[in-house]
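Here are a few short exercises to work through with the model open beside you. Take them in order, and try each one before reading its solution.

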Amino acid sequence: MRTEQDYLRDFAVVLTEKGVVALTDPQQVAVYDFLCNGKQRPIDIAEALQTPSSSLHFILEKMVDQGVIVRSKPDPSKKEVYYSNLASKIIGAVKPSSEVIKESEEAFRNPDAYYTGLASVANMLESYTNEIGMDHSQLRQRYAEDLADSFKSSIGDATLDNAMPMIKDRFNAVTGFRMSVFSINPPTLVLEGNRTMRTKMDMLAMMIRRMMENATGKVFAVASIEDFSNEESVRYKVTFERKEPEPLPYLNNSLPQIDEPEKFMIVDIDGRVALLMNDIQCKLVETIYERPLCVTDVVNMVGMPRSTVTTNLLRMVEEGVASVFYSESGAMYYGMNCAILMKRVRKYDRDTTPTRNAIKAASADNGFIEGYLLYLLASLRELGFDTDYMMIVLGAKYMRAAGHDGPKNFDSYFGKMSEIAKIVDLSLSVVSVYPLTIGISRSGDAPVTAPAMTFLKGMAHQGLEMASSGIFVRVSEETPEDMKVSFKEIYPSLSMTPIAEMEAEALSQPAPAVKKRTSSVRDALRNRSAKADGRPLRTVRYITGMAMVVFAAMVVVLAMGGSGENTASAETYMLDADDGFVLCDSDGIAYDLPYAVKADQPISFVVTAGAETYGVVVDGKAYSLDSLYGSDGGVYTINMTSDLDITALKEVDASNGLDVSIYDFGRSVSEAYAYSFGGYVPSDEYAEATGGLWASEHAWVQISAAEGSYVALDGIDGVYYDMVCVDAWDMPDARSKRTPSNSVTVTLEGAFEVNGYYVEDSLQVAKTDALSMKFVSTDGPVKILMEKDGRSSDVVMGLDRFISVAITQDVVLSYEYVGIM
């Protein structure tokens, strides 16, 4: 058994001359990452990584033996030794930013917003890998360079002036984005596109760089990428610079590979990518992958001692790889809590045909993102990974995002499945009810790709379990002639909600007390109590369309004396709350949020932690729970008619002599959106409706002054706002003052920030020699113009988008794009 940590969040998987190697020592990973900047001396490595030279020596020697780095002596007359990377990084882990997480959520909520067909799945895959911090930047660079090389013959040899129009045409056609030439010396380009372009700038810049190098024979590097995006559009300025060619270490892939390739898994644990190296635990994960099993079943399947299995399962629960499930009889089962993304199953395959085919698809018009999906999967398979797992996870993730809102029944979920199937040029149908079999067919003459089929299987599996609160396994696979997938329900009385946050010692005891209350066990007992023809009613009760006859038969059975609790409606709503909230029932048992409640079924709870004031947002207004539902000694009893999200509230102070209006968006919005929003509710109407001026963290307040007056803000002199929009939780000190008679008007064509407040249309200010304003209307490159007395002049704008203008009379500020061909 390995002595290192089994679930590595800091790792790198690299391709060496002898095969694929996993770097599991964080110090080795740090050395590799540092050497990505070029060859270095040991003393420089030790200083940069703050590692003692004696310890670093053993690390470097081990990496040389593995074939990850190479030692060289450029000058034989000197003793200086240098180290450089000899391996190519395949997969690594990085910390994801909040921006990429938000963009991933948007990609899964609206998969067809910017792409159709397989490209929409490709965009979801790219967003998901960014979200979990799966770094495969060298594979992305290889894709960009291989795609650029496919245009080498069509562009030919040319100077940069002559090649740039052809590069521009190929870029625009392949990516669907727009490239404009800002300048030739140095090569500076403006790339424009939709929001998805943000996460692809590394590949786009590398592809353009490679095309310039192929045409001119010169070597370029990306000098800078400047973001000039705003809420409406995405625009980047990319500048390249000449550099001297540097010899790269030669990776000889013709050498014999390692006889027994190291087996490992790359998994998603709690939303972060990780590496699983423990041989025993890898085998246990494979065993419980399809269904939860009790310890005895696991022991019989893996052929290991019971003590070994139990010890490793408990460790897996502690690490978040596995979860514990219970049947209503108290029997303990172990199931998956992580998601397998890929598994190393074989040696490196040097057949590059699949990647060449992917490049051929990518070089077609609008083929860039679809080609990225095919190329990435083909490259990973070429390197010995089974990537079907990742497409299954992607399909399941989409289904969870699509099924979050709306009724929680099979009708709704199957509709969502059909919608995404149409996006990838496929259609779904219910072939049979028992076993539940979903048919998949082409839309017209559309080709069927393996990634799309695998994605749909993961989506259908997840959707079925969400609709039924049961656990299912696939019992058949499709063939080229018969594209169907069947599902069989297992463990009909097993809770689908794992027991979280339990001590490992407690799990070693049989049938411990459940610490969190879930709705799935109770629903499982009720839903399975009645049967027809020896089969659970629940097997058919969610099916519509071709199964309506079966559904009608079930209604007849219920009318003739079936259990009164088995209703034909399976619609449920979700009770949820912000992070940090704890909701308990009358016995003090915490609900496992989000908690499913059947439609029109009452639920009682007490809020024991979270915030001093809490409530819900309805139609732009925040209501405290007391004002909306009332309580009995702090106990709220609610009949669920829709999803209920409990959030923290604060009270807005409107006693400032100004006109104050509020709107609670219930989600994050931009300052520009809040400023132009027309649905603000006057504070008196708001308070009358809600019983107080409550607001969640997503509420905005519009503060307006009467005619002839302005909104005076502490610390701001000489600027007379007639209206400002501010965060409800960060209200400034404001009061009403008369606007001075000697004020002048600045007419704005576009939007600006003045002293941190968003302004459009016009602004009253005092005469001044230096009014500082930040231009935020659009991205650049733009030129700011100031017009007064019928004459126009340029205004200098810094890189931070600030301008400083002298205002001694009424002026007009406008802008225009410049430098774009």
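This is a predicted model, in which local features need pLDDT of at least 70, side-chain atom pairs count only at pLDDT 80 or more, and totals for chains, interfaces and linings use all residues. Residues are numbered from 1 along each chain as its sequence is written, and side-chain values use heavy atoms, leaving out hydrogens and water.

**Exercise 1.** Place Tyr 629 in the structure and classify its exposure.

Solution. Start with the secondary structure: Tyr 629 belongs to helix H21 (residues 625-629). Helices are DSSP runs of H or I with at least four residues, strands are runs of E with at least two, and both are numbered from the N terminus. Next, take its relative accessibility of 35%, which makes Tyr 629 partly exposed. Here, buried means under 20% relative accessible area, exposed over 50%, and partly exposed in between (1.4 Å probe, protein chains only).

**Exercise 2.** Find the buried side of helix H23 and what covers it.

Solution. First, list the buried residues of H23 (residues 683-690): Ser 683, Tyr 686 and Thr 690. Viewed down the helix axis, they fall within an arc of 60°, so they line one face of H23; the arc is that of the directions from the axis to the C-beta atoms. Now turn to the face pointing away from the buried side, which carries the exposed Asp 684 and Glu 688. Finally, look at the cover over the buried residues, which includes H21 and strand S35 (659-664), with contact meaning heavy atoms within 4.5 Å.

**Exercise 3.** Describe the surroundings of helix H5.

Solution. Count the buried residues: 14 of the 14 in H5 are buried, so this helix is largely enclosed by the rest of the structure. Then step past its end to Gly 133, where phi is positive, near 80°.
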